[in-house]
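Student: Could you pick one part of this model and take me through it closely? I'd like to see what surrounds it, and then how the charged side chains fit in.

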Amino acid sequence: MTVAESLDAAVTALRAGGVIAYPTEGVWGLGCDPDNDEAVAHLLRLKERDPAKGLILVAASIAQFAPWLEGLAPELHAPLVASWPGPNTWLVPHNGRSHALVRGAHDCVALRVSAHPGVAALCQAFGGPLVSTSANKASEPSAMSAAEVRQFFGGELDAIVEGELGGLDRPSIIRDLRSGRVLRA
């Protein structure tokens, strides 16, 4: 299957409520439609992840996050604009847009505009942000290849986007937008 064919299959799966895998900047990720609670719940079950932890959303552009950034103080936009696209995830105050399963037990939502061309193409083709979490079971090492994704999840995924990792040796940095504090380096 070509990269384009796998991208088309992934978008079809996402629109049908499926869970997919795809390469990101540093590790393989699992994704789904953040507005589909059944898909998010299925992704959490696959990962055996505590729903209270919340999930990251990834987008192709800051414009795709407009509904999540609505009402944000103007001075808080500058750090986002300065660091995106790139491997920088920001915890942004929740404005009522995020579903509870995405936020977990938090009063914020984790957002990242990816510089990875495959992730950007996927979000553009889907038409908006996606859930993005490492492709692994909770507390296990992240998948670093499509072969490892298949080994970890077998036939439990609805699609796998072909492609390569973006060259980082770790997941994205996570910072709190209000305080600037780094939560994951």
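Tutor: What follows starts with helix α7 and then moves on to the salt bridges and two loop residues.

A bit of housekeeping before that. The model is predicted, so local features are used at pLDDT of at least 70 and side-chain atom pairs only at pLDDT 80 or more, while totals for chains, interfaces and linings use all residues. Residues are numbered from 1 along each chain as its sequence is written, and side-chain values use heavy atoms, with hydrogens and water left out.

Now the helix. α7 covers residues 146–153; helices here are DSSP runs of H or I with at least four residues, strands are E runs of at least two, and both are numbered from the N terminus. Three of its residues, A146, V149 and F153, are buried, meaning under 20% relative accessible area, where exposed is over 50% and partly exposed in between (1.4 Å probe, protein chains only). Those three span an arc of only 50° around the axis, which is why they end up on the same side of α7; the arc is taken from the directions from the helix axis to the C-beta atoms. As background, an α-helix has 3.6 residues a turn, so residues three or four places apart point the same way. On the face turned away from the buried side you'll find A147 and Q151, both exposed.

What sits over the buried residues? The cover includes β1 (20–23), β2 (28–31), α2 (37–47) and β7 (159–160), with contact meaning heavy atoms within 4.5 Å. Just past the end of α7, G154 takes a positive phi of about 50°.

α7 also takes part in a salt bridge, which here means a side-chain nitrogen of Lys or Arg within 4 Å of a carboxyl oxygen of Asp or Glu. R150 pairs with E162 at 3.4 Å, N to O. R150 is in α7 and E162 in the loop between β7 and β8 (173–176), so the pair links parts of the chain twelve residues apart. Both are partly exposed: R150 has a relative accessible area of 40% and E162 one of 26%.

By that rule the count comes to five salt bridges, and another is R112 with E25, whose closest N and O atoms are 3.3 Å apart. R112 is in strand β5 (108–113) and E25 in the loop between β1 and β2, so this pair ties together parts 87 residues apart in sequence. Both partners are buried, E25 at 8% relative accessibility. Leaving out residues up to four places away, E25 has several neighbours, among them G86, P87, H116, L165 and L168.

A further bridge joins R97 and D35 (2.7 Å, N to O). R97 lies in the loop between β4 (88–93) and α5 (100–103) and D35 in the loop between β2 and α2, so parts 62 residues apart in sequence are tied together. R97 is partly exposed at 25%, as is D35 at 34%.

One last loop residue: Q64, between β3 (56–59) and α3 (66–69), is buried at 17% relative accessibility. A polar atom of its side chain lies 2.7 Å from the backbone nitrogen of A60. Beyond its neighbours within four places in sequence, Q64 is in contact with residues including C123, Q124 and P129.

Note on methods:
A polar contact is a pair of N or O atoms within 3.5 Å; within protein, one must be able to donate a hydrogen and the other to accept it, and residues adjacent in sequence count only if both atoms are side-chain atoms.
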